[in-house]
Amino acid sequence: LLTTVNVPHFGGSSATGRLRDYLDNSVDAEHASEGGYSSAADSRQSLETPFEWTSKNESLEVKLRLRVFERNTTSLFGVGQIDRIPAKTILAAAKIQESDGEVSGRASVLPDGRLGRFGWRANKASLRDFVEQACVAEMGLQTKDLPQPVDPMRPSSSRHSGVDIREGEVDNLSVFLSSLPSPSTRAIASGGNAQRGQQVFASVGCAKCHTQNLGSASNIYSDLLLHDMGGSLYDFAAAEPEIASQRVTVESESVGSYTDSYYGSPVTLNDIVPFETSNRVPQNFDFERQSPRTSPGEDVKVLKEGQLQERRFRGPTEVKVLVTRPKLQAKRRLNPTAVTQEWRTPPLWGVADSAPYMHDGRAETLLEAIAMHGGEGQASRDRFMQLSIEDRMAVLAFMESMVAPRQDLAMR
């Protein structure tokens with residue numbers, strides 16, 4: 001049985017605390033006071049350490065083999081611009097790469113048909129969605145639409161019924177982040193060696209994925225697409241898989257019936273519990289567009305379940321009411337994609353000031369990050385490594401010219 005759980009750095013039940021302490025003490029690595037490992041070397045040490053965990057009581061013993069995967073905090077440079085990039089622009093970037101032969105990024109299409117833009121796996125479509133998920137997953141705050149995370153060692157324990165952060169507060173956080181400046185205007189301003197490095201950067205193929213401009217986002221250096229980065233970047237928390245084809249059918253399910261003896265009176269469902277809608281599909285949902293899964297085959301998913309509907313049959317003195325609910329189903333055929341090795345191309349604007357690098361902070365320097373590229377990035381990595389020392393240093397100088405916005409600019 002393969003599964004994943006989120007183990008928070010702080011809080012949780014005593015059982016979760018014991019698991020966290022066990023994992024921490026089993027690695028010869030230093031931890032930062034704010035959570036996580038203190039350095040990229042410590043993060044790499046954790047990845048190389050296998051774990052076995054045994055938990056038992058009077059009647060049951062459970063043995064688990066564990067792998068721990070860290071998550072590096074994503075930079076927030078220019079997130080407002082990323083939020084405004086049209087979906088057609090991202091899809092066009094994927095189309096350009098279809099015939100490349102070396103890289104073949106794909107858009108992350110979410111179950112509701114929207115394109116993912118945010119997160120290491122591009123699994124959030126909008127900045128607002130990204131902020132709300134962070135409130136829930138990173139801070140344990142329950143919102144109107146997303147439940148508070150469960151304790152991994154006490155999953156059956158009850159959550160509180162209240163809301164920790166209101167919708168308006170999530171909206172305000174999103175507006176604030178959207179207002180943060182992007183560092184794009186300073187990305188190539190240093191001239192000289194950095195400008196030559198920009199040319200070499202493109203010549204070895206880095207710019208195929210780290211595209212300089214994407215829609216109105218100038219000097220973003222990302223295509224926002226998912227790329228297979230090779231087995232060394234494998235991670236259990238997978239990207240959204242890919243749908244090869246999809247067929248939609250509409251069915252109705254009988255819920256029950258009742259008799260209304262007084263025709264024309266207000267309808268009540270008596271003991272029938274009203275069925276709540278879930279997973280609504282937007283009116284402009286494109287069912288032919290690609291969207292996701294892990295292995296080939298068919299997968300039936302209820303995309304939309306409508307409100308209860310009633311059909312009335314009037315007799316001489318009473319009305320028979322049949323209660324049904326419609327289901328919109330999609331039967332999907334799935335492409336076998338390497339979802340556990342696919343990562344969104346991270347924007348490079350501000351990269352000089354956002355170390356450590358990679359999704360788990362395993363790279364301390366830009367040179368280390370380049371060297372860790374595999375899969376679709378391996379050919380460009382190899383060409384970079386074969387450059388002269390002068391050209392390699394020029395590429396690094398170009399990347400180091402992409403600095404964060406000045407503090408005085410950010411505070412305006």
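This section describes the nonpolar cores and aromatic contacts of a predicted model. Local features were taken at pLDDT of at least 70 and side-chain atom pairs only at pLDDT 80 or more, whereas totals for chains, interfaces and linings use all residues. Residues are numbered from 1 along each chain as its sequence is written, and side-chain values use heavy atoms, without hydrogens or water.

The largest nonpolar core (buried Ala, Val, Leu, Ile, Met, Phe, Trp, Tyr and Cys residues joined through side-chain atoms within 4.5 Å) comprises 25 residues, of which Ile85, Ile90, Leu127 and Ile220 touch the most other members. Two or more residues each come from helix 3 (79-83), helix 4 (87-97), helix 5 (127-137) and helix 6 (167-178); helices are DSSP runs of H or I, at least four residues, and strands are E runs of at least two, numbered from the N terminus. Helix 5 contributes the most, with 4 residues. A separate core of 24 residues includes Trp343, Met358, Ala369 and Leu396.

Across the whole structure, 6 aromatic pairs were found (Phe, Tyr or six-membered Trp ring centres within 6.5 Å; planes under 30 degrees apart are stacked, over 60 edge-to-face, the rest tilted). Tyrosine 221 and phenylalanine 398 pair edge-to-face, at 5.4 Å between centres and 70° between planes. Because tyrosine 221 lies in the loop between helix 7 (193-203) and strand 3 (226-228) and phenylalanine 398 in helix 10 (residues 389-400), this pair ties together parts 177 residues apart in sequence. Tyrosine 221 is buried at 2% relative accessibility, as is phenylalanine 398 at 0% (buried, under 20% relative accessible area; exposed, over 50%; partly exposed, in between; 1.4 Å probe, protein chains only).
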